[in-house]
Each structure stands twice: as C-alpha cells, then as structure tokens.
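Student: I have a new model open. Where do I start reading how its pieces pack?

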Amino acid sequence: MVKNLWDSAKAAAAEPGLGELVYRSNLLGADRSVANWGGGNTSVKTTVKDFRGRDIEVMYVKGSGSDLATMQAKHFTGLRLEDIAPLFEREAMSDEEMTAYLAQCVIDPKAPRPSIETLLHAFLPFKHVDHTHPDAIISLCCADNGRELAREIFGDRFVWVPYIRPGFALSKMIAQGVRENSQARLVLMEKHGLVTWGETSEECYHNTISVIQEAERFIEARVNPETLFGGRMAETLNREARRKLLAEVMPVIRGAVSGDKTMILAYDDGDDVLEFVNSRDAAALSQIGAACPDHLVHTKMKPLFVNWDPAGGDAESLAAALRQGIVRYKEEYKAYFERNKSAGDVMFEPAPRVILIPGVGMVSTGKSLAMAKVSGALYHRAIAVMRGATTLGRFVSLSENESYNVEYWPLELYKLTLAPPEAEFSRKVAFITGGAGGIGSETARRLAEEGAHVVLADLNLEGARNVAAELNERYGEGRALAVRMDVTKEDEVKAAFEEAVLAYGGVDILVNNAGLATSSPLEETSLEEWNLNLGVLATGYFLVAREAFRLMKKQGIGGSMVFIGSKNSVYAGKNATAYSAAKAAEVHLARCIAAEGGAFGIRVNSVLPDAVLQGSAIWNSSWRSERAVAYGIKPEELEEYYRKRTVLLVNVYPRDIAEAVAFLASSKAEKTTGCMLTVDGGVAAAFTR
C-alpha cells in the first residue's frame with residue numbers, strides 16, 4: 001500500500017514555490033509504484049522577479065530527461081504564464097509548433113527543455129499539479145471495464161479521458177473535462193495515468209496519495225492469490241540452481257541480443273517476478289502489450305517469454321530455447337517496424353529489453369547496467385498493473401500502432417539526439433586481475449572513465465572493494481564489482497567469472513595483470529621460488545585467459561585480452577631467472593591464444609612495462625631491496641636509477657600502462673593482435689627484435 005510520506009517540518013524548511021515543488025516531487029518519486037523512473041511530471045505556479053526586477057507569473061514544470069525521485073531545482077523549467085495561458089484558445093497545435101513556442105516562453109534559456117506535458121499543467125487553473133503513473137490507477141485505466149469501476153470508487157469526482165498521445169490535444173481535453181465538471185478532483189487517463197491538484201503543495205500531495213490509496217483498497221479487496229494470473233503452473237528452482245543456470249545461459253543471451261551494439265544484462269528474481277513467470281496466464285498476458293507509454297519506452301511493446309519447462313529442462317535446453325526465442329523476437333520486431341514505420345524512421349535494435357523465464361525470473365538488457373535495471377524496474381510496474389487489471393477485469397493495452405507512435409515519437413527521438421555520444425568502452429565489461437594494485441586500479445579507472453563496467457579481481461578483496469567503491473561513487477552504482485580470486489586456483493577463477501556473468505551478463509575485455517616478483521641468483525633460486533613465479537605468472541595467466549576465452553567464445557561477439565608482461569619478457573634480467581622465465585612464458589602464451597582466437601574475433605596483445613614503482617605491491621615488497629642489491633645501489637636510489645637508464649630519461653607510472661591497455665582494448669586497435677607494446681621509457685637492451 002502506498003504510504004503518505006509528507007513531513008511537515010521538512011516541507012516548512014523548503015523555499016516557497018520552487019523549493020516546495022522539489023520536495024513534493026522527490027516524495028512522489030521515492031515510491032516507484034507512484035512514479036516510474038523518469039516518468040510523471042509536476043508543477044507549481046508562482047511569482048518571481050524577472051531579469052529587470054519585475055514581478056511575473058511563472059509556472060515551473062519538470063524538465064525533460066529528469067527523474068522525480070532525484071530532481072533538484074535546476075531540473076525544473078520556468079515559463080511565463082502570460083505567454084502560455086492563451087494557447088488554450090487555439091483549436092490545434094502540432095508537437096513541433098508547441099515545442100518551438102514553449103522554447104520562447106522560458107525565463108532561463110539554459111534551463112532544460114520543458115516536459116511535453118507542460119500545457120497539461122498550464123491549462124489547469126490550480127497552483128499545484130501532479131501527473132503520475134501509479135500502479136493501482138493504471139490497473140484501473142488498463143482494465144476493459146475501468147471506466148465503470150472508476151464510478152464505483154470515485155463517484156462524480158473524476159474525469160475520464162480516452163487514450164491519445166501526450167501533447168496539445170490531450171492537454172486541452174483534460175482542461176476542458178475539468179472545467180465542465182465542478183465536482184472533479186482527479187483525471188484518469190486511459191492506458192496512461194493520473195492527474196491531481198491542490199492550492200497548496202501539501203494539499204496536492206495528499207490528494208495524489210489518497211486517490212491512489214482508494215484505488216488500491218478497491219483492488220486488494222478483490223485479489224484472490226490462488227487464481228492470480230490464472231494460478232501457478234511452474235515451480236521456482238532453488239537459488240543455487242537458478243544461479244548455476246544463469247551462469248551458463250547469460251552469455252548466450254548477451255551474444256544473441258547484441259547486434260552492432262553490445263548489451264549489458266541484469267537479473268531479477270523478485271517475488272512478484274517469480275509469481276508472474278510461473279503463472280498459467282503469463283505467456284499470453286505478457287504479449288498483450290505495454291500498459292502505458294512510460295513503460296513502453298524502456299521495455300518495448302512486449303517482452304520475450306521463453307517457452308521452457310523448469311521441471312525437466314537443463315542449461316542446454318534453456319540456451320536453445322533462448323536462442324530460438326531471441327531470433328523469433330527480432331524477426332517479429334522487424335515486421336512490427338515495417339508495418340508501422342514512417343518515412344525517415346530508423347529501426348532501433350530489435351532485441352528484447354525484457355526476457356521472462358519460468359522457474360528462473362527476469363533478465364533485462366540495456367546499454368548500461370543502470371539502464372538494464374531501469375527496464376527491469378519498469379517491468380515490475382507492468383506486472384503490478386497486470387495483477388490489478390486482471391483482478392478487476394480484462395487487461396487491455398496500447399494498440400500496436402499506438403505503441404509504435406510512442407516508441408518512434410519524433411520528440412522522443414529528438415531527446416536521443418541531445419544525449420552525448422557513447423564513450424569508447426560503453427556497453428563493455430572489463431575483467432581485471434590484480435585490480436587492487438597500482439596498474440590494475442589505474443587501468444580500472446581509465447576504462448571506467450570511458451564507459452566500461454569493471455570487475456576487480458584480487459586476493460586483496462578489501463583493496464579491490466575500495467577501488468570499486470570509488471568508481472561506483474564517481475560513475476554510478478553498479479559500474480564496478482570487486483571479487484576475491486587467487487589466479488592459481490582453478491575453482492576460484494571459474495567462480496570469479498561466474499560472478500562477472502551474473503552481474504553484467506559476460507565479459508568483453510580481460511586485463512591479465514595479477515603479479516608478483518622475486519629476485520635471486522640462479523644458484524640460490526629454490527624450486528619453491530621457481531614454482532611460485534610460474535604458478536602466478538604462467539599458470540595463473542593461463543587459467544584466467546582460458547576461462548575468459550571460453551566465455552567470449554560462448555558470447556560469440558569477440559573480445560580483447562591484454563596481458564601485462566614486463567621488460568623481462570624479452571630481456572634476461574640479472575638475478576631474476578624465475579621471474580623472467582615466467583614473464584617470457586606469459587607473453588608467448590598471449591601470442592598462442594591470439595593465433596587461436598582470431599577465428600572468433602578474440603584479440604590478444606601484451607603490454608611490456610618496466611619499473612612501475614608507484615602504487616605497486618610488488619615494489620613495496622622485498623623485490624625493491626632485492627633489485628637494489630642486484631644493481632649495487634640503495635633501495636631509495638632505485639627510481640632514479642631506472643629513470644636514467646631509459647633513453648627518454650623518464651619514469652613509468654601506472655597511468656602510462658593503463659593508457660596502453662586502453663589503446664589495445666579499444667576500437668583503435670581492432671586489427672591488432674599478437675602484439676607486444678613496450679611502455680618502459682626506452683630500455684635499449686630490451687628493444688624487441
């Protein structure tokens with residue numbers, strides 16, 4: 001049940017006018033069963049001083065592209081009421097005309113573009129107006145008998161408007177309906193949402209919540225859990241079985257849904273999702289269509305429902321069903337586009353945004369984990385609407401053409417043109433071993449700043465978590481994941497990659513970076529020391545690369561591996577037999593994998609650094625003093641010694657290595673594989689030849 005969250009003390013602390021609007025909007029957005037992510041809009045009519053110090057009447061309305069839950073004052077747009085109020089007298093106005101006109105009415109040209117539903121707020125003669133998409137209200141508005149039931153709930157207090165796409169005509173229709181009904185306290189928008197109002201911000205908020213609660217009570221009194229969605233047909237697999245299945249099939253899904261652009265996946269097994277996917281009617285209900293325009297933009301007209309029996313199926317049969325289902329979905333989407341397209345329309349990616357699997361749950365897709373989760377979150381709302389609508393009557397949705405006209409609405413397409421171009425590593429997942437160390441952490445930062453999602457694998461889990469927390473704070477929750485992994489242990493390597501798959505759907509970039517180093521003369525090199533170096537730098541790199549190779553091959557969309565070698569990979573380092581031999585084995589392993597991976601679009605290259613002391617756990621160990629002994633100098637003189645032996649007379653830092661990794665993993669090097677790139681300041685003795 002929706003709760004009234006109003007706090008009088010906090011409300012009183014808000015600045016009158018715009019501050020009140022921010023507070024109310026954030027409260028509405030705090031409950032996603034009231035306001036979808038990115039959906040709904042709110043307004044206030046107030047008086048402000050213009051640039052000449054004159055008092056003018058202004059309406060602040062939500063700006064396009066913002067979210068009620070997180071909105072700040074800067075996300076609202078102020079418009080001069082004396083300029084927009086007269087539009088009510090017009091008979092018609094196209095979207096293009098309206099948008100151009102409203103652009104001339106804003107009081108701050110730097111403000112965001114006003115909501116497409118700005119006139120809905122302007123035409124209503126109330127100081128505060130809310131437009132939301134509550135689950136309970138949309139359930140009513142998407143029931144075939146919704147209008148009749150609304151009369152039972154609200155009596156004469158509502159205005160019902162049939163579905164038309166947002167814009168001038170809808171805004172005027174709503175205003176006329178309210179003006180013609182003196183009892184009106186709310187507007188129900190068929191297949192769309194709710195409009196409420198008040199003379200104070202508090203009154204407006206209370207009206208919104210109380211209307212939703214009335215609808216909720218009406219629906220809940222009629223819910224029969226035993227017959228919901230036709231009753232249960234499939235049983236949920238236990239959590240371990242679900243995770244095991246998903247680790248096998250999510251790379252398959254990722255490969256199948258990724259066309260020219262790779263997709264990130266998210267998994268959801270919420271109770272409501274499992275109840276729905278396991279139900280008898282879910283296969284048919286899910287294909288009826290989207291409940292409202294706000295859902296459709298992020299979920300497409302319908303999801304993919306996978307015809308699979310969890311009682312007798314296995315990973316192989318599920319993978320086959322997914323491949324077939326995604327191919328069929330794409331074909332059907334292309335046909336839908338062809339039936340409805342207008343001149344100049346360019347088809348979006350035809351793959352599903354939401355995939356429903358009986359016994360398992362929901363997989364959602366997006367250009368980032370955040371957007372994949374938005375698609376999933378909005379399908380939670382769709383499930384709630386179908387639950388309510390089927391309790392009340394028969395669920396009805398936007399028609400195919402209505403859906404298309406929302407999905408390919410010129411104003412929505414225009415918003416896409418305002419978005420910045422995607423970064424180099426957008427939609428990519430990078431798996432970095434030794435992620436807590438100097439090179440590993442700096443590489444994670446470098447890739448993340450150009451859009452990558454990163455998995456930081458390290459024995460030092462606390463250090464990896466610190467780096468992940470830093471990246472998530474900077475770029476948003478879910479951009480980085482820390483996992484504990486010992487590269488020499490096959491089961492831990494496999495488990496770490498499974499975590500990456502469950503978090504993002506797969507891996508595109510492997511940075512094989514975990515390392516250690518020891519130094520001793522040959523005669524003093526023990527078998528234990530030899531095995532330690534070979535275990536981490538050769539066997540460990542093999543185990544990690546093999547698991548990444550298997551995963552990339554299963555995805556079928558190529559991939560890039562970058563091995564962090566060393567100057568010693570090609571130069572016989574003094575008193576470093578075990579380390580140098582292991583590093584040589586490592587880069588030759590990379591070349592071998594490059595030769596084998598080419599057929600699958602998997603590139604493998606190596607970066608050969610030298611003396612990267614900054615932030616290095618290796619150089620802060622006995623290795624520093626051991627190398628100083630080898631050169632007959634003091635440990636504190638080592639950095640200057642290394643600088644002077646380079647032909648460029650420079651020191652090499654973690655960021656330098658990260659830049660090399662970023663280049664080799666990027667599209668700029670898409671025709672490069674089997675390469676060794678030295679980043680050592682120019683150590684002449686180690687020049688490759």
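Tutor: Start with a helix pair, and keep in mind that this model is predicted. Two packed helices are described by the angle between their axes and the distance between the axes. Here, take helix α18 (residues 438–448) and helix α19 (residues 461–475): their axes come within 11 Å and cross at roughly 20°.

Student: Why are α18 and α19 called roughly parallel to each other?

Tutor: Angles under 35 degrees count as roughly parallel. The axes of α18 and α19 cross at roughly 20°, so the label fits. The crossing of α18 past α19 is right-handed.

Student: Which residues in α18 and α19 meet?

Tutor: From α18, S441, A444, R445 and A448; from α19, V467, E470, L471 and Y475. The residues of this contact divide into five nonpolar, two charged and one polar.

Student: Now the strands. How do I read a sheet?

Tutor: Strands of a sheet pair through backbone hydrogen bonds, either parallel or antiparallel. This open sheet has seven strands with parallel pairing, in the order β14-β13-β12-β15-β16-β17-β18. Its edge strands, β14 (480–484) and β18 (676–679), each pair on one side only. Neighbouring strands are turned by 20° against each other on average, direction ignored.

Student: Over how many bridges do β16 and β17 pair?

Tutor: Six. Strand β16 covers residues 559–564 and strand β17 residues 602–609. S560 stands opposite R603 in β17.

Student: Which strands do α18 and α20 lie across?

Tutor: α18 lies across β12 (429–433), β13 (453–458), β15 (509–512) and β16, running at about 170° to β12. Helix α20 (residues 490–504) lies across β12, β13, β14 and β15, at about 160° to β14.

Notes: Residues are numbered from 1 along each chain as its sequence is written. This is a predicted model: local features need pLDDT of at least 70, side-chain atom pairs count only at pLDDT 80 or more; totals for chains, interfaces and linings use all residues. Side-chain values use heavy atoms; hydrogens and water are left out. Axes are lines fitted to C-alpha atoms, for helices over the stretch in contact, and angles run from 0 to 180 degrees between N-to-C directions. Helices (H or I, at least four residues) and strands (E, at least two) are DSSP runs, numbered from the N terminus. Angles under 35 degrees count as roughly parallel, over 145 as roughly antiparallel, 65 to 115 as roughly perpendicular and the rest as oblique. A crossing is left-handed if the near helix is turned anticlockwise from the far one by less than a right angle, and right-handed if clockwise. Contact means heavy atoms within 4.5 Å. Ala, Val, Leu, Ile, Met, Phe, Trp, Tyr, Cys and Pro count as nonpolar, Asp, Glu, Lys and Arg as charged, and the others, Gly among them, as polar. Two strands pair if DSSP finds at least two bridges between them.
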